[in-house]
Amino acid sequence: MKKLLLIVAVLLTSNVFANSGGAHLEPAQTNIRSKASLQNGAKYFMNYCSGCHSLQYQRYNRMAKDLGLTKDEVKENLIFTDSKFPEHMTNTMDNAQVQEREWFHKAFPKDLTLIAKARGVDWLYNYLKGFYKDSSRPIGWNNTIFKGASMPNALWELQGIQEAKFEEHEDEHGIVTHTFKGFKKVTEGSMSEEEFDETVRDIVNFLDYTAEPARLIRMGMAPWVLFFLVIFTMLAYLLKKNYFKDVH
Ligand code: HEC
């Protein structure tokens, strides 16, 4: 028994360390049950991200159903291409053209349907908040979480423009490292810091949803499964009592 407990403890702690990945990430604190947050996230994603990134494994009509939106609401506010309601959420930017013209210096915007599974919600939240002005980069932006990223800060009008402060350390071998010491706002955005955090949280929440749309259904079913298990346990207990009443 002791051995078993030890194994469980080791497994749990190793999992915690594996998830942290060494970086200090601010928790995204998303709530996939909040329809309002998912709807807002979809709105900002379609307006600020879908020009470059597709969600090719997700369909408009499925999103409408899961997020409680009508066909007309989606068609009027969220479809910016000539896509039809039942079609996949692909975008108009052609990756071959992007590469040929080297718009983003050899990088290209990937499909983001599953990105929340690959990177995790905390990483995405910190990435979208981590853009800063860096004149040494070809497009003028850099990112604290994804060094040398080729994506411009798509949300700069909302967030404003920030610079990053780094502290320089040199060890005894002359190797210089830079430690991130916080941001300094140089231009105000149209949103307050709290509003911006909330908007980014909603976008990340929406991406968490697209990575596994069935999770909404799965979580809705959970109370019923538990209810069934309780009733079934009671029935099984009564049955057992009945069968064993003559066994002494
Ligand atoms: C102007 C085009 C453009 C827009 C708009 C844009 N991106 Fe990007 N994005 C890129 C490019 C290019 C990359 C590739 C960066 C690289 O590999 O260095 C990228 C990379 C990313 C990545 C990292 C993917 C990885 O490699 O793991 C994420 C996440 C991301 N974008 C999310 C978003 C979100 C969310 C929005 C909307 C708020 C957005 N992007 C808007 C061009 C764009």
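1. A buried lysine is a good place to start. Lys129 has a relative accessible area of 15%, so it counts as buried, the cut-off being under 20%. Bear in mind as you read on that this is a predicted model.

2. What does the side chain of Lys129 meet? Its partner is Glu26, in a salt bridge with 3.3 Å from N to O. Lys129 belongs to helix α7, while Glu26 is in the loop between α1 (2–20) and α2 (35–48), so this pair ties together parts that lie 103 residues apart in sequence. Glu26 comes out as partly exposed, at 38% relative accessibility, whereas Lys129 is buried.

3. A second pair does a similar job elsewhere. The side chains of Lys117 and Glu212 form a salt bridge, 3.1 Å from N to O. Since Lys117 lies in helix α6 and Glu212 in the loop between α9 (193–211) and α10 (214–243), the bridge ties together parts 95 residues apart in sequence. Lys117 itself is exposed, with 51% relative accessibility.

4. Then there is a pair inside one helix. Arg201 and Glu198 make a salt bridge whose closest N and O atoms are 3.0 Å apart. Both residues sit in helix α9, three residues from each other, which is about one turn of the helix. Arg201 is buried at 15% relative accessibility, and Glu198 is partly exposed at 39%.

5. How do the salt bridges link up? Through shared partners, Glu26, Lys129 and Asp197 are joined into one network. Across the whole structure, the search turns up seven salt bridges, including the Lys129–Glu26 pair, the Lys117–Glu212 pair and the Arg201–Glu198 pair.

6. Now the ligand. Where does it sit? It occupies the second largest pocket. Two elements, α6 (115–119) and α7 (121–129), are the ones that give two or more residues to the shell around it. Helix α7 contributes the most, with three residues. These helices came up above too: α7 holds Lys129, and α6 holds Lys117.

7. The shell itself has 22 residues around the ligand, and the closest are Cys49, Cys52, His53, Arg119 and Met151. Which class of residue dominates the count? By class there are 18 nonpolar residues, against two polar and two charged ones.

8. For all those nonpolar neighbours, a few polar atoms do come up to the ligand. A polar side-chain atom of His53 is 2.8 Å from a ligand nitrogen. On the oxygen side, an N or O atom in the side chain of Lys110 is 3.1 Å from an oxygen atom of the ligand. Ser150 uses its backbone instead: one of its polar backbone atoms lies 2.8 Å from a ligand oxygen. If you want to check the site by eye, His53 is also listed among the closest residues.

9. One last residue to look at is Gln58, in strand β1 (residues 55–59). Is Gln58 buried or exposed? At 2% relative accessibility, Gln58 is buried. Which side chain does the side chain of Gln58 contact? That of Tyr209, through a polar contact of 3.1 Å.

Key. Residues numbered from 1 in each chain as written. Predicted model: local features only at pLDDT ≥ 70, side-chain atom pairs only at ≥ 80, totals over all residues. Heavy atoms only, no water. Near = heavy atom within 4 Å. Polar contact = N/O pair within 3.5 Å; in protein donor to acceptor, adjacent residues only side chain to side chain. 1 Å grid on protein atoms, 1.4 Å probe; cavity = no way out; pocket = protein on both sides within 12 Å on 5 of 7 lines; lining within 4 Å. Sits in = over half its atoms within 2 Å of the grid points. Helix = DSSP H or I, 4+ residues; strand = E, 2+ residues; numbered from the N terminus. Nonpolar A, V, L, I, M, F, W, Y, C, P; charged D, E, K, R; others polar. Salt bridge = Lys/Arg side-chain N within 4 Å of Asp/Glu carboxyl O. Buried < 20%, exposed > 50% of the residue type's maximum accessible area, 1.4 Å probe, protein only.
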